[in-house]
Amino acid sequence: MALAADRDTKERAVPVATRHERLAASSKEFYVGQLVAIDTNATGSPVTPAVPGDLNLQVCGRCEQRLTTGANNTKTVKFKSGCFYYASGTTFEEIDSADIGAQCFVIDDQTVGLSGATGANIKAGRVYDVDSYGVAVYIEWPQAAVIGATTAGDA
């Protein structure tokens, strides 16, 4: 279920975590802790909820501020790339420790799964760990280094 309030999204320490700021998309509601993406206009946009097949968004991190934008927005949104805990999808979307290292996909702005609701949702990042806090998702922005390009060790 998509967020309707701020979320205490826990962070996992990793070697690289970076703060960013981007012009925010117009007429959007941002909540602390939610997944944020860059849209086709190169503006920050909340991922609420993931639209199956909408591959035009690139997840860039965790939202760091509560923000509401107007129709002609000039505000910026702050977000952080790194490793953050999100909820796991259920049934066929459920992520467990066997999935560490695999790509995961956006189900909504606080939930990730193995393929997205239809198998065509945007990539969230890589499963870093799974524990009692949830699924630790490593999100690097821009994503090319993590998801778009294959590196040694990728299957």
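The protein chain of this predicted model has 12 strands and zero helices, where helices (H or I, at least four residues) and strands (E, at least two) are DSSP runs numbered from the N terminus. Read from the N terminus, the order of elements is β-β-β-β-β-β-β-β-β-β-β-β. Residues are numbered from 1 along each chain as its sequence is written. Local features need pLDDT of at least 70 and side-chain atom pairs count only at pLDDT 80 or more, while totals for chains, interfaces and linings use all residues; side-chain values use heavy atoms, without hydrogens and water.

**Burial and contacts**
- Of the 155 residues in the protein chain, 46% are buried (under 20% relative accessible area, 1.4 Å probe, protein chains only).
- The exposed area is about 7500 Å², with 52% supplied by carbon and sulfur atoms (Shrake-Rupley method, 1.4 Å probe).
- Contacts (heavy atoms within 4.5 Å) between residues at least 6 apart in sequence join residues at least 24 apart in 61% of cases.

**Nonpolar cores**
- The largest nonpolar core (buried Ala, Val, Leu, Ile, Met, Phe, Trp, Tyr and Cys residues joined through side-chain atoms within 4.5 Å) has 17 residues.
- Those with the most contacts inside this core are Leu 35, Tyr 86, Cys 104, Val 106, Val 112, Val 137 and Ile 139.
- Two or more residues come from each of strand 4 (35-38), strand 8 (76-88), strand 9 (103-108), strand 11 (123-131) and strand 12 (134-139).
- Strand 12 contributes the most, with three residues.
- Beyond four places in sequence, Leu 35 touches residues including Pro 46, Val 59, Tyr 86, Asp 109 and Ile 139.
- A second, separate core has 10 residues, among them Ile 38, Leu 67, Val 77 and Trp 141.

Key: Buried means under 20% relative accessible area, exposed over 50%, partly exposed in between (1.4 Å probe, protein chains only).
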